[in-house]
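The following exercises concern the packing of helices in a protein. Please study the sequence and the structure before reading each solution.

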Amino acid sequence: MNLFDQVSEDIKKAMLARDKVRLEALRGVKKEFLEAKTAKGANGELSDDTATKILVKMVKQRKESASIYKENNRPELAENELAEAAVIEEYLPKQLSEEELTAELKAIIAEVGAEGPKDMGKMMGVATKKLAGKAEGKAISAKVKELLG
């Protein structure tokens, strides 16, 4: 079952369970998926890679919104955003641990032939493609700087 079908099925389950937070988050995901499916050049198809990119973007948006709400002293709104982010994260691949991320990046460094900070751009291009959905961009960037520095 692809991600689109899984989300549609889970919306039904959330409705039956009367789980408002889960239902709201999944409806938002389905909306984004439908927009991607009907976008120009999509041919009505949504690959799991594209779906994963959408999910990563949505989680990032929710976390950024939560931090803004916290800064503005609105903890109840921040909690809701974080709860929705947690629901969306369930559909992402398992996140890499610190050690796994380091090992993956060392392999990519060897593959690309990066030698120092000047190769950062080349490294980031390959690393973000290979590790999409498995690690956050900030974490990848920080680890690449550390390894190349």
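**Exercise 1: The two sides of α6**

In this predicted model, the buried residues of α6 are M120, M123, M124 and A127. Determine how these residues are arranged around the axis of α6, and what covers them.

*Solution.* Step 1. An α-helix has 3.6 residues a turn, so residues three or four places apart point the same way.
Step 2. The arc covered by M120, M123, M124 and A127 around the axis is only 95°, which puts these residues on the same side of α6.
Step 3. On the other side of α6, the residues G121 and K129 are exposed.
Step 4. The cover over the buried residues of α6 includes α5 and α7.

**Exercise 2: The length and faces of α7**

Compare the expected span of helix α7 (residues 137–148) with the distance between its end C-alpha atoms. Then identify its buried residues and the exposed residues on the face turned away from them.

*Solution.* Step 1. Helix α7 has twelve residues, and at 1.5 Å a residue it should span 16 Å. The expected span is 1.5 Å times one less than the number of residues.
Step 2. The end C-alpha atoms of α7 are 16 Å apart, which agrees with the expected span.
Step 3. In α7, the residues I140, K143, V144 and L148 are buried. Their arc around the axis is only 120°, which puts them on the same side of α7.
Step 4. K138, K145 and E146 are exposed on the face of α7 turned away from its buried side.
Step 5. Among the elements covering the buried residues of α7 are α5 (98–112) and α6 (120–130).

**Exercise 3: The largest nonpolar core**

State how many residues the largest nonpolar core has, which elements give two or more residues to it, and what L55 is in contact with.

*Solution.* Step 1. The largest nonpolar core has 22 residues. V7, V29, F33, L46, L55 and I88 are those with the most contacts inside it.
Step 2. Two or more residues of this core come from each of α1 (3–17), α2 (20–38), α3 (48–71) and α4 (75–89). The largest share, six residues, is given by α2.
Step 3. Leaving aside neighbours within four places in sequence, L55 is in contact with L3, V29, F33, I88, Y91 and L92.
Step 4. Another core, of 14 residues, lies apart from the largest one; I108, A114, M120 and M123 are among its residues.

**Exercise 4: A residue of α4**

Is E81, found in helix α4, buried or exposed?

*Solution.* Step 1. The relative accessible area of E81 is 15%. Buried means under 20%, so E81 is buried.
Step 2. Not counting residues up to four places away in sequence, E81 touches R62, S65, A66 and Y69.

Key: Residues numbered from 1 in each chain as written. Predicted model: local features only at pLDDT ≥ 70, side-chain atom pairs only at ≥ 80, totals over all residues. Heavy atoms only, no water. Core = buried A, V, L, I, M, F, W, Y, C linked by side-chain atoms within 4.5 Å. Buried < 20%, exposed > 50% of the residue type's maximum accessible area, 1.4 Å probe, protein only. Helix = DSSP H or I, 4+ residues; strand = E, 2+ residues; numbered from the N terminus. Contact = heavy atoms within 4.5 Å. Arc of directions from axis to C-beta.
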